[in-house]
Amino acid sequence: MTDEGWIGAVLAGARPQAVAVLLRWFRDLDRAEEAFQEACLRALRTWPLNGPPRDAAAWLVMVGRNAGLDRVRRQARERPLPPEEALSDLSDTETALVEGIDAADYRDDILRLLFICCHPSLGAAGQIALALRVVSGVPLPRIARAFLVSEAAMEQRITRAKRAVAAAAVPFETPGAVERSERLAAVAAMVYLLFNKGYTTDVATHGARAPLCAEAIRLARLLLRLFPAEPEIMALLALLLLQHARAPARFGADGGVVLLEAQDRTLWDGTMIAEGLALVEKAMRHRGPAPIRRRPPSRRCTRRPPKPPRPTGPGSSASTPPSSRCSPRPSSP
Amino acid sequence: MKYAILCYHDEAVTCAWSKEHDDAVMGRLAAVHGRIAASGKLGPVARLMPTTAATTVRNDREPSLVLDGPFAETKEQLLGFYVVDCDGLEEAIAFARDLGEANPGGAYEIRPIGLYKPGAVPG
């Protein structure tokens with residue numbers, strides 16, 4: 001594979017983590033993005049010679065932070081950049097720092113980054129555009145094409161969105177449990193919006209490649225890696241995979257819509273369906289009450305005095321099994 | 001000697017691959033598989049779903065605990081494995097090198113197999 005090929009893949013994979021941590025350091029979206037870009041340029045120069053670092057995201061964070069700090073200092077007092085080796089070389093003290101960025105830090109950092117992008121003050125289109133630009137690093141012309149507007153208009157829209165979220169001042173402290181779950185719900189909704197944007201417009205033109213759908217699936221996967229026990233996120237990823245699996249069959253050769261019943265099912269993506277179903281199965285395990293929650297109420301149920309018999313009318317069953325009264329379940333099968 | 005060749009890679013990277021890139025990698029790997037299979041040394045091959053689909057049962061307590069997610073949070077994840085029957089470690093390393101050329105990045109762990117039962121699960 002070419003250098004640009006594998007480096008591009010590694011940079012794309014590390015981007016959400018790296019930008020999220022840089023955002024925590026610089027507390028400014030533009031500065032974090034610039035620092036990440038600077039780190040990417042250095043990666044393109046040094047990785048082909050030295051090989052990729054063991055932890056690409058941590059490398060990008062450290063180099064980006066150094067470059068970003070230098071930029072801040074330079075703005076205060078003009079002076080030349082230190083030599084390349086000094087900026088890109090991570091000495092032992094920095095390795096210790098890098099090791100300190102563990103999965104838990106990434107989790108809240110990435111969630112914060114995503115949450116900032118889906119701030120309620122933005123509106124759906126603004127949320128999607130900002131997330132695509134900042135989190136996924138999609139080039140501006142491609143976002144503009146997806147929204148059928150000119151590049152200049154999209155640039156303006158993203159600049160306005162950045163200003164709005166800066167004014168909204170999302171706190172940078174580690175969020176509490178309630179705050180975290182609120183953020184997660186907002187972010188999950190944004191990922192689904194992004195997928196829908198791709199589902200309605202993108203698939204018709206790009207078929208199964210539909211970049212917006214692929215990006216939404218990648219973000220849902222990222223969220224689930226960060227929150228592996230959240231049934232909502234399992235269900236979100238499963239929903240996206242199961243819907244996107246049908247993409248190759250949803251439009252005919254003439255570009256017309258093919259309804260579900262008429263679709264050629266051999267075109268459906270079996271791998272995606274299998275993964276989606278595996279996730280549904282995992283999420284369903286969380287549906288019933290957890291063992292700890294289950295025990296006390298069931299005892300209460302058995303101690304409760306028997307209810308008077310329900311009026312039996314035509315069509316209503318006279319006896320309801322006691323278990324269904326104790327633990328109400330969704331009526332759908 | 002039979003060896004398991006375990007494939008590790010950063011999932012964040014492999015999940016960011018486009019469909020074309022994934023297909024290209026799988027195509028190059030299929031060529032290597034063909035070569036190993038032709039020598040009659042290739043056993044079962046599996047590509048695992050992402051670790052987000054994983055469930056872990058911890059048996060170090062009573063009752064055992066069912067957890068969502070992979071066994072360990074690591075920078076690189078176990079993404080698949082091969083079973084090969086080699087003359088020795090050198091040949092297994094050569095196979096892993098060939099696989100690595102077709103699919104750069106990540107790492108291959110070569111583990112001699114102690115007990116092997118081919119099983120009856122069809123492909």
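In this predicted model, helix 7 and helix 9 of chain A meet through a defined set of side chains and backbone positions: A:Ala125, A:Ala129, A:Leu130, A:Arg133 and A:Val134 on helix 7 are in contact with A:Met154, A:Arg157, A:Ile158, A:Ala161, A:Lys162 and A:Val165 on helix 9. Helix 7 spans residues 124-134 and helix 9 spans residues 151-168, and their axes come within 9 Å while crossing at roughly 95 degrees. Because angles of 65 to 115 degrees count as roughly perpendicular, helix 7 of chain A is roughly perpendicular to helix 9 of chain A. By class, the residues of this contact comprise 8 nonpolar and 3 charged, with no polar ones.

Two members of the helix 7 side of this contact, A:Arg133 and A:Val134, also lead to helix 2. A:Glu33 lies in helix 2 of chain A, which covers residues 29-50. Leaving aside residues up to four places away in sequence, A:Glu33 touches A:Arg15, A:Arg133, A:Val134 and A:Lys162. A:Lys162, for its part, belongs to the helix 9 side of the contact between helix 7 and helix 9. The relative accessible area of A:Glu33 is 6%; since buried means under 20%, A:Glu33 is buried.

A second helix pair is found further along chain A. Helix 11 (residues 211-226) and helix 12 (residues 231-244) pack with their axes 9 Å apart, at an angle of about 155 degrees. An angle over 145 degrees counts as roughly antiparallel, and helix 11 and helix 12 of chain A are therefore roughly antiparallel to each other. The crossing of helix 11 with helix 12 is left-handed. Helix 11 contributes A:Cys213, A:Ala216, A:Ile217, A:Ala220, A:Arg221, A:Leu223 and A:Leu224 to the contact, while helix 12 contributes A:Ile233, A:Met234, A:Leu236, A:Leu237, A:Leu240, A:Leu241 and A:His244. This contact has 12 nonpolar residues, 1 polar and 1 charged.

Helix 11 itself has 16 residues and reaches 23 Å from its first C-alpha to its last, close to the 22 Å expected at 1.5 Å a residue. Of these 16 residues, 13 are buried, so helix 11 of chain A is largely enclosed by the rest of the structure.

These elements belong to a chain whose secondary structure comes to 15 helices and 0 strands. Chain A has 333 residues, of which 43% count as buried. Among its contacts with a separation of 6 or more, 66% are between residues 24 or more positions apart.

How values were computed. Residues numbered from 1 in each chain as written. Chains lettered and ligands numbered in written order. Predicted model: local features only at pLDDT ≥ 70, side-chain atom pairs only at ≥ 80, totals over all residues. Heavy atoms only, no water. Axes fitted to C-alpha atoms, helices over the stretch in contact; angles between N-to-C directions. Helix = DSSP H or I, 4+ residues; strand = E, 2+ residues; numbered from the N terminus. Parallel < 35°, antiparallel > 145°, perpendicular 65-115°, else oblique. Left-handed = near helix turned anticlockwise from the far one by under 90°. Contact = heavy atoms within 4.5 Å. Nonpolar A, V, L, I, M, F, W, Y, C, P; charged D, E, K, R; others polar. Expected span 1.5 Å × (residues − 1). Buried < 20%, exposed > 50% of the residue type's maximum accessible area, 1.4 Å probe, protein only.
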